[in-house]
Amino acid sequence: MAKNLSNLRAPKKANTGRKRVGRGMGSGMGKTSTRGHKGQGSRSGSHLMRGLKAARCRSTPLAKRGFTNIFRTEYTVVNLERIVEQMKA
């Protein structure tokens, strides 16, 4: 079916307004404002890093224990003699 002005539609969720939290019980997002009860996520200023969950760390196998820096830079070992050989060839 060809698209023309008579059968155009807005994409899904294009006409939904933004979520206004903490504006009373009738809004459906009052009281705790979608944050739940207690816990780190319910506090102000809370920013949890994506992918890190304390509860999962306890149940990991021994090989995965400890801290893994997700911002690390990995280096590749380069042999200078091989570079010289490639320059000559």
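Where does Thr34 lie relative to H1? Thr34 lies in the segment before H1, and the exercises below build on this starting point.

The model is predicted, with local features requiring pLDDT of at least 70 and side-chain atom pairs counting only at pLDDT 80 or more, whereas totals for chains, interfaces and linings use all residues. Residues are numbered from 1 along each chain as its sequence is written, and side-chain values use heavy atoms, with hydrogens and water left out.

**Exercise 1. State the secondary structure and the burial of the chain.**

Step 1: Helices (H or I, at least four residues) and strands (E, at least two) are taken as DSSP runs numbered from the N terminus, and on that basis the chain has two helices and zero strands.

Step 2: Residues are classed as buried under 20% relative accessible area, exposed over 50%, and partly exposed in between, using a 1.4 Å probe and protein chains only; of the 89 residues of the chain, 3% count as buried.

Step 3: Accessible areas come from the Shrake-Rupley method with a 1.4 Å probe, where for residues only the protein chains shown count as cover, and the chain exposes about 9700 Å², of which carbon and sulfur atoms supply 54%.

**Exercise 2. Describe the backbone and exposure of Lys13 and Thr34.**

Step 1: Lys13 is placed in the segment before helix H1 (54-58), and its phi is near 65 degrees, a positive value in a residue other than glycine.

Step 2: Lys13 is exposed because its relative accessible area is 73%.

Step 3: For Thr34, phi is likewise a positive value near 65 degrees in a residue other than glycine, and Thr34 counts as exposed because its relative accessible area is 51%.

**Exercise 3. Identify the salt bridge and the exposure of its partners.**

Step 1: The criterion is a side-chain nitrogen of Lys or Arg within 4 Å of a carboxyl oxygen of Asp or Glu, and by this rule the count comes to one salt bridge.

Step 2: Arg72 pairs with Glu74 in a salt bridge, with the closest N and O atoms 3.2 Å apart.

Step 3: Arg72 is partly exposed, at a relative accessible area of 47%, while Glu74 is exposed, at 64%.

**Exercise 4. Locate the nonpolar surface patch and place Met87.**

Step 1: Patches are made of residues with over 30% relative accessible area and no salt bridge, joining like charges within 9 Å and nonpolar side chains (Val, Leu, Ile, Met, Phe, Trp, Tyr) within 5 Å.

Step 2: Val78, Leu80, Ile83 and Met87 form such a nonpolar patch on the surface, together having about 440 Å² of accessible area.

Step 3: Met87 belongs to helix H2 (residues 80-88), and Met87 counts as exposed because its relative accessibility is 68%.
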